Amino acid sequence: MTIIKTVFVTGGAGYIGSHCVLSLLDAGYDVVAIDNFANSVGQKQAASLDRVQKITGKEITFYKCDLLDIQQLDEIFTKHKFDCVIHFAAMKSVGESMKQPLLYYKNNIIGAMNLLEVMASHKCYRLVFSSSCTVYGNPTFLPISEDHPIGNVTNVYGRTKYFIEDILKDVVNSDQKWNIISLRYFNPVGAHSSGLIGEDPTTNFSNLMPYIAQVALGKKASLSIYGGDYATPDGTGIRDYIHVMDLAEGHVAALKKLQSNHLHLQVYNLGSGQGTSVLELLQTFEKVTGVKIPYTIEARREGDIVSMYANCDLAKNDLGWRANYTLEDMCKDFWKWHTMNPNGYKTNDPANTNGT
Ligand code: WQD
């Protein structure tokens with residue numbers, strides 16, 4: 001089993017990608033990253049990765065590249081010898097995916113297929129795929145384990161993740177050289193403790209935490225809580241929030257597993273294993289930051305599930321990984337990033353000519 005030294009990261013400039021690149025560098029890997037900035041509206045360059053280099057003191061090789069440009073992708077693989085790939089690059093807005101299904105199928109699925117094709121042509125068969133708990137659809141049991149049925153997904157974004165997981169199954173069945181881990185993320189929140197990287201609030205989002213930040217920063221008068229009449233202890237939706245640094249460490253654990261095992265295809269849940277309601281998260285945020293978050297209870301959001309949280313025993317037993325950060329850590333680190341960077345990576349500092 002060849003040693004994994006150089007890792008190719010797609011979507012490396014993104015929220016989860018940049019945190020993962022930081023953990024990879026800290027773990028001693030060399031990183032080549034690409035991004036097309038589809039999720040960083042108006043971003044001119046990998047500002048997040050510039051900061052990752054500052055934090056770690058280590059170099060990253062970066063290319064602006066879209067996975068739909070298979071020729072450029074092939075050139076990058078020709079230029080470098082990759083021992084493993086981590087594939088984050090995808091469009092990820094559930095709401096947008098419903099309005100533009102073909103854009104999402106083209107970008108997420110064709111992009112993944114191009115990546116797999118170029119990997120095979122360069123004899124690179126180790127892959128960590130960024131999947132999502134969304135593939136489980138509406139849970140029939142909780143906590144949800146990897147053997148829960150998948151595919152009953154109503155939103156296009158989640159279906160792209162489900163279809164790609166199915167494509168991975170067929171690819172592995174066609175050629176035993178493939179060695180793949182698919183990581184199903186629950187709800188990533190938080191930021192690196194430095195406050196220098198985080199989820200860019202200037203991109204289009206629909207998730208809870210960015211909205212809480214908008215209210216806390218005075219950019220939104222109050223938080224709309226979608227549904228207060230669910231069959232949960234306080235009536236609001238329950239999710240499994242996981243610190244983005246725990247998620248990043250989960251990828252390092254996956255690389256180590258691939259280095260020493262030929263798995264063909266194995267799926268792991270990456271969550272905290274705890275279910276937290278919207279009101280519980282809001283109250284934790286208020287306690288940690290001292291910032292009051294006014295809210296109103298609105299109608300349920302179409303397509304929302306009532307409750308979802310993970311059984312992470314498989315990742316614990318197989319990868320030796322478990323989430324360590326608490327909900328308080330998530331809120332504290334998340335708030336530090338937002339107060340230090342209210343406009344994300346686009347700062348108004350005139351000295352900051354490159355937007356970092
Ligand atoms: C969480 C809770 C809402 C906004 C996301 C991603 C999905 C996947 C899983 C990665 C729900 C409530 C939200 C608001 C609210 N991640 N809410 N007011 O729907 O679980 O899915 O995580 O692949 O891609 O979309 O996350 O943050 O949108 O919602 O009350 O303004 O917060 O109803 O109960 P969700 P979310």
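Mentor: Let's start with a term: a polar contact is a pair of N or O atoms within 3.5 Å. Keep in mind that this is a predicted model.

Trainee: Okay, what makes S132 a polar contact of the ligand?

Mentor: A polar side-chain atom of S132 sits 2.9 Å from a ligand oxygen. The cut-off is 3.5 Å, so the pair counts.

Trainee: And how do you know that Y157 and S206 make polar contacts too?

Mentor: For Y157, an N or O atom in the side chain is 2.7 Å from an oxygen of the ligand. For S206, a polar backbone atom is 3.5 Å from a ligand oxygen. Both values fit "within 3.5 Å", so both pairs qualify. As for cover, the protein hides 90% of the 690 Å² of accessible area that the ligand has on its own.

Trainee: Which elements supply at least two residues of the shell around the ligand?

Mentor: α7 (208-216) and β8 (223-226) each do. The largest share, three residues, comes from β8. In total, 19 residues surround the ligand, with Y157, L208, S224, R239 and D304 the closest. The shell divides into nine nonpolar, seven polar and three charged residues.

Trainee: Why is α7 called mostly covered?

Mentor: Buried means under 20% relative accessible area, and eight of the nine residues in α7 are buried, so "mostly covered" fits. Among them are L208, M209, P210 and I212.

Trainee: What do those buried residues pack against?

Mentor: They pack against β7 (187-189), β8, β10 (241-243), α9 (278-289) and α11 (327-340). After α7 comes G218, with a positive phi near 80 degrees.

Conventions. Residues numbered from 1 in each chain as written. Predicted model: local features only at pLDDT ≥ 70, side-chain atom pairs only at ≥ 80, totals over all residues. Heavy atoms only, no water. Near = heavy atom within 4 Å. Polar contact = N/O pair within 3.5 Å; in protein donor to acceptor, adjacent residues only side chain to side chain. Areas by Shrake-Rupley, 256 points an atom, 1.4 Å probe, with all protein chains shown as cover. Helix = DSSP H or I, 4+ residues; strand = E, 2+ residues; numbered from the N terminus. Nonpolar A, V, L, I, M, F, W, Y, C, P; charged D, E, K, R; others polar. Buried < 20%, exposed > 50% of the residue type's maximum accessible area, 1.4 Å probe, protein only. Contact = heavy atoms within 4.5 Å.
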